[in-house]
Amino acid sequence: MNFKLLDFQIFGDERGSLISLEGNKNIPFEIKRVYYIYDTKNDVVRGKHAHKNFQQILIAVSGSCKILVDNKKDKKIYELDNPSKGLLIKNNVWREMFDFSSDCVLMVLASDNYDKDDYIYEYGEL
Ligand code: TYD
């Protein structure tokens, strides 16, 4: 399967909670890039593309949003509403991010540097 929801271990005590993300450990690739999306307007749909050779993990570190993933065989909508959940998306998966809460910070860990040529913008080219 080229997409999958991951549950990260929470180190919690009376002070609060901590989650650690490590490349090639609980993140199944070396992390080359991190970016985050925030202040997203509620009626906005982001993404609308797939990647040829990137792996990414999406984590709502604050607030919530929904992610539609579609690999042409399986299509699913995940709600990311907890920092302990990460959605792993591999190659050739169409993704759309929507229903962002006003406090949503969607953090993305990527397996490679930004490369415009890695994007597939036509669903028909998946
Ligand atoms: P865009 O691809 O539209 O974001 P999304 O698919 O998540 O909705 O990216 C918005 C802008 O940010 C666009 O001009 C490209 C730029 N960008 C970078 O420079 N580096 C990056 O790592 C990313 C993800 C985007």
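This report describes the surroundings of the ligand and the strand pairing of β5 in a predicted model.

## Basis of the model

Local features in this predicted model require pLDDT of at least 70, side-chain atom pairs count only at pLDDT 80 or more, and totals for chains, interfaces and linings use all residues. Residues are numbered from 1 along each chain as its sequence is written, and side-chain values use heavy atoms, with hydrogens and water left out.

## The shell around the ligand

The ligand is surrounded by R33, Y35, I37, R46, G47, H49, M97, Y114 and Y119, where a residue belongs if one of its heavy atoms lies within 4 Å. Five of the shell residues are nonpolar, two are polar and two are charged; here Ala, Val, Leu, Ile, Met, Phe, Trp, Tyr, Cys and Pro count as nonpolar, Asp, Glu, Lys and Arg as charged, and the others, Gly among them, as polar.

## Polar contacts and burial

A polar contact with the ligand is a pair of N or O atoms within 3.5 Å. The side chain of R33 places an N or O atom 2.4 Å from a ligand oxygen. For R46, the corresponding distance to a ligand oxygen is 2.9 Å, and for H49 it is 3.4 Å.

The protein buries 57% of the 530 Å² that the ligand exposes when taken alone, by the Shrake-Rupley method with a 1.4 Å probe.

## Strands

Two or more shell residues come from each of β4 (33-38) and β5 (46-51); strands are DSSP runs of E, at least two residues long, numbered from the N terminus.

Strands pair if DSSP finds at least two bridges between them. β5 pairs in the antiparallel sense with β10 (residues 94-98) over three bridges, and G47 has E96 as its bridge partner in β10. β5 also pairs in the antiparallel sense with β12 (residues 119-120), over two bridges; there, Y119 is the bridge partner of H51.

Notes: A polar contact is a pair of N or O atoms within 3.5 Å; within protein, one must be able to donate a hydrogen and the other to accept it, and residues adjacent in sequence count only if both atoms are side-chain atoms. Helices (H or I, at least four residues) and strands (E, at least two) are DSSP runs, numbered from the N terminus.
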